[in-house]
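Visitor: I have a model open on my screen and plenty of questions about how its labels were earned. Can you walk me through it?

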Number of protein chains: 2
Amino acid sequence: MTETTPDQAAARLYDFIRLIRPAHRRLARSVAAHLDGTGLSLGGRAVLELLAETGPLSVAGAARLLFLARQQVQLVMDSLEQQGYVEKRPNPAHRRSPLFALTDQGRRAFAELHTRELARLADIADRLEGADLSAALRVMTALVEGFGAYEDDPDAPRPLA
Amino acid sequence: MTETTPDQAAARLYDFIRLIRPAHRRLARSVAAHLDGTGLSLGGRAVLELLAETGPLSVAGAARLLFLARQQVQLVMDSLEQQGYVEKRPNPAHRRSPLFALTDQGRRAFAELHTRELARLADIADRLEGADLSAALRVMTALVEGFGAYEDDPDAPRPLA
């Protein structure tokens, strides 16, 4: 065990944090590159992934879970519906706010995309220790939870990209 | 040592990656909250930090190091100069592209800001193992380097915020 002073620990956490913006940008580029030929946007891909995990959602529900503005998700959902990736279902809780569910085409499209994304990640994961991955997940989770008080209004100004 | 299959490792790395967007948003909100009363924007703060580390830079040099568009950095730098946080210096390499250096006011403002930011981080770092922080930094570095091929044009479309 190495001894770390509180100041050193905060400084090391800050070094980690400084890599978040470049990581975010580079990963978004990579995800976007995999979208070529699918007709999907980054937002569209994010909505397909969410629906694959949670099942049918209203636009408001999807927006809340993605921390995005409702209007933004509405546009994405309309486009996914036109492309045949999602379809409307009646919403028992809210007659005027339908649920959206993946179609078979949408489920297949996301699965194929995600398989290619994971193959790309496997190259990087291969070079890392399993224990390091678990530790990294603990640190990132602590960070997201520790700064949870700042997550409120999805329509608030965006961070510096 | 736990055994991890390549598929499990990629999936665990993906779990980590999914937290990058929320972490990015929450941290940007927190940094922005510390800016209240300083007249600085998130971009202005990022430029002050860079100049504190590297010394005087041209707008083009700062833009390259921040992975931001030159025009965007020009606006930020002009505003910092008006506020007295930076000042022009002759550029021996480029007569028409001056260097910008921190003024004493700029150096003090960033130091005070960053002390408050690190105090906020210390609360979270306290609850983490030093070894976990080091591991997290290794994983994030591998990710940023592994996806380096996608980092090219700072004027390219922004990731989903």
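Guide: Let's start with confidence: pLDDT is the predictor's confidence in each residue, on a scale from 0 to 100. This is a predicted model, and chain A has a mean pLDDT of 88, with 90% of its residues at 70 or more.

Visitor: Where in chain A is confidence lowest, and where is it highest?

Guide: Helix α2(A) has the lowest mean, 89, while strand β2 (residues 99-102) of chain A has the highest, 98. Then there's residues 150-161 of chain A, where pLDDT stays under 50. For that stretch the model has 26 contacts beyond four places in sequence. As for the complex, the predictor gives an ipTM of 0.81 and a pTM of 0.79.

Visitor: What makes up the secondary structure of chain A?

Guide: Seven helices and two strands. Going along the sequence, the pattern is α-α-α-α-α-β-β-α-α. The C-alpha atoms fill a box of roughly 60 × 35 × 25 Å along the principal axes, and 34% of the 161 residues of chain A count as buried.

Visitor: How do you know which two-fold relation, if any, links the two copies?

Guide: Lay chain A on chain B: a turn of 180° and a shift of 0.0 Å along the axis do it, with an RMSD of 0.0 Å. The two copies are therefore related as by a two-fold rotation axis. In chain A, the C-alpha nearest that axis belongs to A:Ala136, 1.9 Å from it.

Visitor: Why say that the copies meet through the same surface?

Guide: Because 98% of the interface residues of chain A are interface residues in chain B too, the copies meet through the same surface. In numbers, 61 residues of chain A are in contact with 60 residues of chain B.

Visitor: Which helices of chain A each supply at least two residues to the side that touches chain B?

Guide: They are α1 (6-18), α2 (20-34), α3 (42-54), α6 (104-125) and α7 (130-146). Helix α7(A) gives the most, with 15 residues. By class, the side of chain A that touches chain B has 39 nonpolar, nine polar and 13 charged residues.

Visitor: Why is B:Ala142 called partly exposed?

Guide: Count its neighbours: B:Ala142 has 18 other C-beta atoms within 10 Å. Buried takes 20 or more, and exposed takes 12 or fewer. The count of 18 falls in between, so B:Ala142 is partly exposed. B:Ala142 lies in helix α7 (residues 130-146) of chain B, and touches A:Ile124, A:Arg127 and A:Leu128 across the interface, leaving aside residues up to four places away in sequence.

Visitor: How do α4(A) and α5(A) pack, and at what angle?

Guide: Helix α4 (residues 59-66) of chain A and helix α5 (residues 70-82) of chain A pack at about 115°, with their axes 9 Å apart. Their crossing is right-handed. On the α4(A) side the contact is made by A:Val59, A:Ala60, A:Ala62, A:Ala63 and A:Leu66. On the α5(A) side it is A:Arg70, A:Val73, A:Gln74 and A:Met77.

Visitor: What makes A:Arg70 the charged one and A:Gln74 the polar one there?

Guide: Arg is on the list of charged residues, and Gln is on neither that list nor the nonpolar one, so Gln counts as polar. The contact of α4(A) with α5(A) comes to seven nonpolar, one polar and one charged residues.

Terms used
Residues are numbered from 1 along each chain as its sequence is written. Chains are lettered from A and ligands numbered from 1 in the order in which they are written. This is a predicted model: local features need pLDDT of at least 70, side-chain atom pairs count only at pLDDT 80 or more; totals for chains, interfaces and linings use all residues. Two residues are in contact if their C-beta atoms, placed from the backbone, lie within 7 Å. Helices (H or I, at least four residues) and strands (E, at least two) are DSSP runs, numbered from the N terminus. Copies are superposed by least squares on the C-alpha atoms of residues with pLDDT of at least 70 in both. Axes are lines fitted to C-alpha atoms, for helices over the stretch in contact, and angles run from 0 to 180 degrees between N-to-C directions. A crossing is left-handed if the near helix is turned anticlockwise from the far one by less than a right angle, and right-handed if clockwise.
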